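Open the model in a viewer and keep the sequence panel visible. The stops below go from the whole chain to single side chains.

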Amino acid sequence: MQVSKEEILHIANLANLTLEENEVQQYLDNLQEILDFANIVNNANTDNLDITIGANEAKNVFRKDEVEVFEDNKALFMNAPSEEQNMFKIPKVIN
């Protein structure tokens, strides 16, 4: 598929980009290169390949969720901009 100058200008308009005349050819070349590569990938022979869902056979490994007491609260709250009742105080984000 060949990309035309008009298509580049239309895409730039949709993306709300203002292209200079000297940039149009650069964008045209870059988009054409991307589409050419996509065409190579689409036409790759996959007849003798196994179906692959992931790159490896790793499974999710879950750790046991254990509550631990943090002993040094003073050091923890030294980095907090504000603290109230042993908790971080942050600005309200929802009305």
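Buried residues make up 9% of the 95 residues in the protein chain, where buried means under 20% relative accessible area, exposed over 50% and partly exposed in between (1.4 Å probe, protein chains only). This is a predicted model: local features need pLDDT of at least 70, side-chain atom pairs count only at pLDDT 80 or more, and totals for chains, interfaces and linings use all residues. Residues are numbered from 1 along each chain as its sequence is written, and side-chain values use heavy atoms, with hydrogens and water left out.

**Whole chain**

Show the cartoon. The protein chain has three helices and two strands; helices (H or I, at least four residues) and strands (E, at least two) are DSSP runs, numbered from the N terminus. Along the sequence the pattern reads α-α-α-β-β. The radius of gyration of the protein chain is 27 Å, well over the 12 Å that the globule rule gives for 95 residues, so the chain is more spread out than a compact globule. That radius is taken over C-alpha atoms, and the globule rule is 2.2 Å times the number of residues to the power 0.38. Taken along the principal axes, the box filled by the C-alpha atoms is roughly 65 × 45 × 25 Å.

Now switch to a surface. The protein chain exposes about 9,700 Å², of which carbon and sulfur atoms supply 53%; accessible areas come from the Shrake-Rupley method with a 1.4 Å probe, and for residues only the protein chains shown count as cover. Among contacts with a separation of 6 or more, 23% are between residues 24 or more positions apart, a contact being heavy atoms within 4.5 Å.

**Stop 1: Lys5 and Glu21**

Select Lys5 and Glu21 and show their side chains. They meet in a salt bridge (2.6 Å, N to O), defined as a side-chain nitrogen of Lys or Arg within 4 Å of a carboxyl oxygen of Asp or Glu. The pair links distant parts of the chain, with Lys5 in helix 1 (residues 5-14) and Glu21 in helix 2, 16 residues apart. Lys5 is partly exposed at 36% relative accessibility, whereas Glu21 is exposed at 56%. By this rule the count comes to three salt bridges; the others come up later in the tour.

**Stop 2: Asn16**

Go to the loop between helix 1 and helix 2, where Asn16 is placed. What is the sign of phi at Asn16? Phi is positive, near 60°, in a residue other than glycine. Most residues other than glycine have a negative phi. Asn16 is exposed, at 71% relative accessibility.

**Stop 3: Gln32**

Move into helix 2 (residues 21-42) and select Gln32. Is Gln32 buried or exposed? Gln32 counts as buried, because its relative accessibility is 10%. Leaving aside neighbours within four places in sequence, Gln32 is in contact with Met1, Gln2 and Val3.

**Stop 4: Arg63 and Asp65**

Select Arg63 and Asp65, whose side chains meet in a salt bridge (3.9 Å, N to O). Arg63 is exposed, with a relative accessible area of 70%, and Asp65 is exposed at 70% relative accessibility.

**Stop 5: Phe77 and Phe88**

How many aromatic pairs does a search of the whole structure find? The search finds one. Phe77 and Phe88 form this pair, which is tilted: 5.1 Å centre to centre, with 55° between the planes. Rings of Phe, Tyr and Trp (its six-membered ring) pair if their centres lie within 6.5 Å; planes under 30 degrees apart count as stacked, over 60 as edge-to-face and the rest as tilted. Phe77 is in helix 3 (residues 73-78) and Phe88 in strand 2, 11 residues apart. Phe77 is buried at 14% relative accessibility, while Phe88 is partly exposed at 47%.

**Stop 6: the nonpolar patch**

Keep Phe88 and add Phe70, Leu76 and Ile90: these four form a nonpolar patch on the surface, with about 430 Å² of accessible area together. Patches are made of residues with over 30% relative accessible area and no salt bridge: like charges are joined within 9 Å, nonpolar side chains (Val, Leu, Ile, Met, Phe, Trp, Tyr) within 5 Å. Ile90 is in the segment after strand 2 (87-88) and is exposed, at 64% relative accessible area.

**Stop 7: Glu84, Gln85 and Lys89**

Glu84 and Lys89 meet in a salt bridge through their side chains (3.2 Å, N to O). Glu84 is partly exposed at 41%, as is Lys89 at 43%. Finish at Gln85, in the loop between strand 1 (83-84) and strand 2. Gln85 has a positive phi of about 50° although it is not a glycine, and it is exposed at 63% relative accessibility.
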